Amino acid sequence: MVEFGFTTLRAAHLLIRCRDDNPRSCAVAEAVGFHPVPPQPHRWALGVRNATPIRYYVRKQTGQ
């Protein structure tokens, strides 16, 4: 998927969202070269009870 995103779609960067309570998906993101993005509050989640935090990971195209 990473190759498809960068070559076929010509994306400058790719973003992955992983639920905080799923450490395996976070580990996969990091294993294929994604880096965590600092957490940011989301307005839509302010009133949601028991909302699982989401972690964001980004990978930039090589050379950028």
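These exercises walk through a predicted model of one protein chain.

Residues are numbered from 1 along each chain as its sequence is written, and side-chain values use heavy atoms, with hydrogens and water left out. In this predicted model, local features need pLDDT of at least 70 and side-chain atom pairs count only at pLDDT 80 or more, while totals for chains, interfaces and linings use all residues.

**Exercise 1. The elements**

Task: Find how many helices and strands the chain has, and give their pattern along the sequence.

Solution:
- Start with the rule: helices (H or I, at least four residues) and strands (E, at least two) are DSSP runs, numbered from the N terminus.
- The chain holds 2 helices and 3 strands.
- Along the sequence they follow the pattern α-β-α-β-β.

**Exercise 2. The sheet**

Task: Work out the order in which the 3 strands form an open sheet.

Solution:
- Two strands pair if DSSP finds at least two bridges between them.
- Take S1 and S3 (residues 54-60): they pair in the antiparallel sense over 7 bridges. Arg 17 stands opposite Tyr 56 in S3.
- Now take S2 (residues 35-36): this strand and S3 are antiparallel, over 2 bridges. His 35 has Val 58 as its bridge partner in S3, and Pro 36 has Tyr 57.
- Put the pairs together: the order is S1-S3-S2, with antiparallel pairing. S1 and S2 are the edge strands, since each pairs on one side only.
- Strands of a sheet pair through backbone hydrogen bonds, either parallel or antiparallel.

**Exercise 3. The core**

Task: Name the residues of the largest nonpolar core, then the elements that give two or more residues to this core.

Solution:
- A nonpolar core is a set of buried Ala, Val, Leu, Ile, Met, Phe, Trp, Tyr and Cys residues joined through side-chain atoms within 4.5 Å.
- Buried means under 20% relative accessible area, exposed over 50%, and partly exposed in between (1.4 Å probe, protein chains only).
- The largest core has 9 residues: Val 2, Phe 6, Ala 11, Leu 14, Cys 18, Cys 26, Ala 29, Phe 34 and Tyr 57.
- Helix H1 (2-8), strand S1 (13-19) and helix H2 (23-31) each give two or more of them.
- Look at Cys 26. Leaving out residues up to four places away in sequence, Cys 26 touches Cys 18, Arg 19, Arg 55 and Tyr 57 (contact means heavy atoms within 4.5 Å).
- Of the 64 residues of the chain, 17% count as buried.

**Exercise 4. The salt bridges**

Task: Count the salt bridges and name the residues in each.

Solution:
- The rule asks for a side-chain nitrogen of Lys or Arg within 4 Å of a carboxyl oxygen of Asp or Glu.
- By this rule there are 2 salt bridges.
- One joins Asp 21 and Arg 19, at 3.2 Å from N to O. Arg 19 is partly exposed, at 44% relative accessible area.
- Another joins Arg 55 and Asp 20, at 2.5 Å from N to O. This pair links distant parts of the chain: Arg 55 lies in strand S3, Asp 20 in the loop between S1 and H2, 35 residues apart.
- Check exposure: Arg 55 is partly exposed at 39% relative accessible area. Asp 20 is partly exposed too, at 32%.
- Side chains of opposite charge can pair when their charged atoms come close.
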